[in-house]
Amino acid sequence: MDMNSSAQQNNNLPLLRISNLQTRFHTQDGVVHAVNGISYSLDSGEILGVVGESGCGKSVHALSIMRLIQIPPGEIADGEIWFEGRDLLKLSENEMRRLRGRDIAMVFQDPMTSLNPVYTVGFQICEALMLHMNMNRKQARERTIELLNLVGIPEPTKRIDNYPHQFSGGMRQRAMIAMALSCEPKLLIADEPTTALDVTIQAQIIDLVMNLQKEMGMSVMWITHDLGIVAEMVHKINVMYAGFIIEQGLVDDIYDETLHPYTKGLLGSLPSIDEAPGTKLISIPGLPPDLITLPSGCPFYARCTYRRDYCREERPELESVNANGHAVACWRWREI
Amino acid sequence: MTELISEDQLLTEFAVREHRSLWLDAWRRLISNRTAMLGLAIVAIFLLTAIGAHFFWEYDPTVDLDYNAKLLAPTIVRSDQSEKIHLFGTDKLGRDIFRRVVHGGWNSLRVGIIAVSISLIVGGILGLLAGFFESTDLNGVEQAVLTSLLGLGCGALPAWIANQPFQALLFMLLGLGSALMSTFMAHRQNLRKVLFGVIGMALGGLPGLMVAPLVGLVCAVVGFGIGIILAKPISGKAFSSFTMRVMDIILSFPSYLLAIAIVAFLGPGLEKGMIAIGFVGIPVYARLARSAVLSVSQKEYVLASQSIGESHGRILFRHIVPNILSPIIVQATMGLADAILSAAALGFLGLGAVPPIPEWGAMLGDSYKYLSSGAWWAVLFPGLAIMFSVLGFNLLGDGLRDALDPKMRL
């Protein structure tokens, strides 16, 4: 690629473009196909929600973007991850290390274990700043106090010297967010950051990230299994199932013109305030398929209420539905 | 800045306990534990008397002889046989046992501490690396360092056979070259192996030829093998399992027997004893460190530190090491008791300290023959010293385990 075309790429292309990403794990029982050729793109300043059940490859695909998959047993078998005109899968480990934290940052699910118990919270945030921003200890400390203030931790000058066990779960997650945002990344990957927190704290954390996103203008990828959470906050949604993206599109399209039976099932299983007390929650029967022996047809076949025999013959590809990028992988989306 | 939290929450979230560090917390738990304090007191007494005696109470074992006062019973008053008071009695050469027990403490504790340091440092580092690279692959620099070390280690064999130490360095360079050219002929592994084998054969054989044709032949064959081994780039997993299998091999020998064999090979002496006991202890620490690293590396904060772009060394020494210190400190304290006991055993067999140097085990070995003639004091006091020092370290180790156990934390 010459200079010209790479410059052009930076101007026109999205911040992140993933094509045909495939991640596998080689285990004793066989090869686990965790992510099976997913493709999508994310623009600067966009918020993307990635939803799906447990074990459908949401976190694995995020870790693949960061190249934090353990190899072995893991393996990124195929695909390209273009970030700002560079294919992350072709970078050396050292280049990748410089990029992690500075350009792409991540917030993890469990705030209880994602801070190192033997260091103060401030020390751990300072570390990221000194690593990427060339700050000395004093500057890093000042910036850390600012950051803790930004994420809404009271009395940051005092709390900076606290150990993680002196923080509550919500505060720890705030500290993790402060750490992730410390180097002003262009993309923040939030891997179920509110799952381990109770509902009121959940709302606070979501508000916090949304406000920070507006202020700093970064892109956010919000991974969750809760369609209710993402409805209010994201621009686009990827619905994942068994390592495939089975429906993607703008949030309004997904909610108002739901096409895939699985997405319908997910939306239907959300409890609603309007329902009469005693109404049974609707659930999707069955379990996701075994990722070692993937079915050759539609992965959702076994649980689908609209299935036909031909659905198990061949796997449906993502098919564009409208000009706004709404796409669905179902043979029968026109009929149902 | 935008106000994101309500006033109420400020209040609830601020109700946290006072600021205390991990070690201060552990120390408080330790001093509230009576048996641990007893252990600490015993250990402190032994350490202080041994250090005090060594520096402020001169003792020359080579001139300490008094045949007129041999095998005197303990006494606290002056008797007609000797003008000196012998609190613990005297031994077969008329030496004051109290003095020798106190000075023996210096030697016994020194053996214990140095032996444990040897096993702790070597075993700890091996276990740390083995555990860390079990699930992480080596990067270029680590690959180069390890392959060079492997070359150095393997090269020691032909260097020893041909008595040409520089050969080991040649093989180290071969290893380094192999790592630097890891992509060279990566698709033709067999050809690469043969090429490195031939280079290894030349490196081993030519210096060997200068000594004798037969030596040259043997070294060439060995060198060929080393070349083939070095040609294959090592992965983190391979390094880890190789290290741990070596540890298993050491563990498969009964530890006392192995220590005796090493001392028999090196020759008796306090320093040789330290090396032997230290070597035997290496696998214990390696396994402990590895298992601790394996469990800590699963923690999310290790992933989090990776995700902010920290290097292997930083993750290993900044994030993993402090979190595995507690079990290692406990094991080292317990290990001190073990090492003192092993040192005493070697001394008793005449393989540790060389007479007339005072050492508890050696004192027992010197005097047990006189038990039948009624000189119980000559074995009782060194025996008690061994017993109490071991007890002290064990109690302290137990207390430390309770104090440092992270499960007791919030």
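Two residues are in contact here if their C-beta atoms, placed from the backbone, lie within 7 Å. Keep that in mind as we walk through this predicted model, beginning where its two chains meet.

By that cut-off, 37 residues of chain A are in contact with 30 residues of chain B. On the chain B side, three helices each supply at least two of the touching residues: α1 (7–14), α12 (300–307) and α13 (312–348). The biggest share comes from α12(B), which gives 6 residues. As for character, the side of chain B that touches chain A has 13 nonpolar residues, 10 polar ones and 7 charged ones.

Now let us look at chain A by itself. Its secondary structure is a mix of 11 helices and 12 strands. Its radius of gyration is 21 Å, which agrees with a compact globule, because 336 residues packed that way would come to near 20 Å. Along the principal axes, the C-alpha atoms of chain A fill a box of roughly 65 × 60 × 45 Å. Of its 336 residues, 44% count as buried. Among contacts in chain A between residues at least 6 apart in sequence, 65% link residues at least 24 apart.

Chain B, in turn, is built with 15 helices and 0 strands. A compact globule of 410 residues would have a radius of gyration near 22 Å, but the value for chain B is 28 Å. Its C-alpha atoms fill a box of roughly 90 × 90 × 35 Å along the principal axes. In chain B, 44% of the 410 residues count as buried. Among its contacts between residues at least 6 apart in sequence, 71% join residues at least 24 apart.

Key:
Residues are numbered from 1 along each chain as its sequence is written. Chains are lettered from A and ligands numbered from 1 in the order in which they are written. This is a predicted model: local features need pLDDT of at least 70, side-chain atom pairs count only at pLDDT 80 or more; totals for chains, interfaces and linings use all residues. Helices (H or I, at least four residues) and strands (E, at least two) are DSSP runs, numbered from the N terminus. Ala, Val, Leu, Ile, Met, Phe, Trp, Tyr, Cys and Pro count as nonpolar, Asp, Glu, Lys and Arg as charged, and the others, Gly among them, as polar. The radius of gyration is taken over C-alpha atoms; the globule rule is 2.2 Å times the number of residues to the power 0.38. A residue is buried if 20 or more other C-beta atoms lie within 10 Å of its own, exposed if 12 or fewer, and partly exposed in between; C-beta atoms are placed from the backbone.
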